[in-house]
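The following questions and answers are intended for a first-year student. Please examine the sequence and the structure shown here before reading on.

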Amino acid sequence: MTNTKFSIVKKTKIGKNARIYDQVNLYGCKIGKNTKIDSFVYIEEGVSIGDDCKIRPFVFIPTGVVIEDNVFIAPNVTFTNDKRPRAQGEWTRLNTRVKSFASIGAGSTINPGVQIGENALIGSGSVVTRDIPDNAVAVGVPARVVGSRPPPSHPRHSESQGRRTRR
Ligand SMILES: CC(C)(COP(=O)(O)OP(=O)(O)OC[C@H]1O[C@@H](n2cnc3c(N)ncnc32)[C@H](O)[C@@H]1OP(=O)(O)O)[C@@H](O)C(=O)NCCC(=O)NCCS
């Protein structure tokens, strides 16, 4: 961990070589190894972030979000977990998963309960309201698939593909 003098980091499991920058708020979550968490990131209880991820500044990740390995989250991305929020009373949490090697562009909002596919790319400023398939490029409000991108040339990617096809 770097100097986190102005951070709140409590009950958090932090993997080897993870870099946590100052002025973050991490509570009851799990950060994988080699993952970078930039300043002004807020991560709630129960969130799991995989290995080798980059979480850029001003990202909000509430309870119910799982981020797999090698995921890039650009600045100002907001995840959500309550479709019909109210200040008081009961609420239903919807869970969100971002699969490995996906990238989410700057300023995007991820509505509750969606899955973003492996190696998918979400354009900047998008609002993701539905599941996004593996390898898809999706942009806009609401985000629609406009193309695809090739798999990354990364040894961990072929490993994960291999694991995926073995049942
Ligand atoms: C989605 C993205 C990958 C597309 O890149 P590209 O394939 O090079 O596409 P282009 O820039 O040639 O644009 C193609 C079309 O898509 C539109 N477009 C591009 N990005 C868009 C976006 N984020 N939202 C909506 N439309 C977008 C362009 O306006 C253009 O439309 P047109 O053909 O009607 O003029 C890219 O624009 C993007 O948003 N990348 C994420 C950037 C980011 O947040 N990086 C974070 C690190 S700081």
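Q: Which residues lie around the ligand, and how many of them are nonpolar, polar and charged?
A: This is a predicted model, in which local features need pLDDT of at least 70 and side-chain atom pairs count only at pLDDT 80 or more, while totals for chains, interfaces and linings use all residues. Residues are numbered from 1 along each chain as its sequence is written. The residues around the ligand, meaning those whose C-beta atom, placed from the backbone, lies within 6 Å of it, are A74, G105, A106, L121, G123, S124, G125, V137, V139 and G140. With Ala, Val, Leu, Ile, Met, Phe, Trp, Tyr, Cys and Pro counted as nonpolar, Asp, Glu, Lys and Arg as charged, and the others, Gly among them, as polar, the shell divides into five nonpolar, five polar and no charged.

Q: How many helices and strands does the protein chain contain?
A: Helices (H or I, at least four residues) and strands (E, at least two) are DSSP runs, numbered from the N terminus. On this basis the secondary structure of the protein chain comes to one helix and 21 strands.

Q: What is the radius of gyration of the protein chain, and what does the globule rule give?
A: The C-alpha trace spans about 40 × 40 × 30 Å along its principal axes. The radius of gyration is taken over C-alpha atoms, and the globule rule is 2.2 Å times the number of residues to the power 0.38. The chain of 167 residues is as compact as a globular protein of that length, because its radius of gyration is close to the value from the rule: 16 Å against 15 Å.

Q: In what order do the strands of the eight-stranded open sheet lie, and which stand at the edges?
A: Two strands pair if DSSP finds at least two bridges between them. By this criterion the eight strands follow the order β3-β6-β9-β12-β15-β18-β20-β21, with mixed pairing. Each edge strand has a single partner strand, so one side of each is left without a neighbour in the sheet; these strands are β3 (19-20) and β21.

Q: Which residue of β15 is the bridge partner of F72?
A: Strand β12 is joined by two bridges to strand β15 (residues 103-104), and the two run parallel. In β15, the bridge partner of F72 is S103.

Q: Which strands stand at the edges of the six-stranded open sheet?
A: The six strands follow the order β2-β5-β8-β11-β14-β17, and their pairing is parallel. An edge strand here has a single partner strand, so one side of it has no neighbour in the sheet; the edge strands are β2 (13-14) and β17 (115-116).

Q: Which residue in β8 stands opposite K30?
A: Strand β5 (residues 30-31) pairs with strand β8 (residues 48-49) in the parallel sense over two bridges. Opposite K30 in β8 stands S48.

Q: Which residues touch the most other members of the largest nonpolar core?
A: A nonpolar core is a set of buried Ala, Val, Leu, Ile, Met, Phe, Trp, Tyr and Cys residues joined through C-beta atoms within 7 Å. The largest one has 35 residues, and those that touch the most other members are I55, A102, I116, A120, I122 and I132. At least two residues of this core come from each of β11 (65-67), β18 (121-122) and β20 (136-139).

Q: Is N70 buried or exposed?
A: N70 is found in the loop between β11 and β12 (72-73), and its phi is near 60°, a positive value in a residue other than glycine. A residue is buried if 20 or more other C-beta atoms, placed from the backbone, lie within 10 Å of its own, exposed if 12 or fewer, and partly exposed in between. Because N70 has 25 C-beta neighbours inside 10 Å, it counts as buried.

Q: Why does F58 count as partly exposed?
A: F58 lies in the loop between β9 (54-55) and β10 (60-61). Its phi is positive, about 65°, although F58 is not a glycine. F58 is partly exposed because the number of other C-beta atoms within 10 Å is 16.

Q: Which residues does N95 touch, not counting residues up to four places away in sequence?
A: N95 lies in the loop between β13 (78-79) and β14 (96-98), and it counts as partly exposed because it has 14 C-beta neighbours inside 10 Å. With contact defined as C-beta atoms, placed from the backbone, within 7 Å, the residues that N95 touches are G64 and G113.

Q: What is omega for the cis peptide bond from V141 to P142?
A: Most residues other than glycine have a negative phi, and most peptide bonds are trans. P142 lies in the loop between β20 and β21. The peptide bond from V141 to P142 is cis, with omega near -5°.

Key. Contact = placed C-beta atoms within 7 Å.
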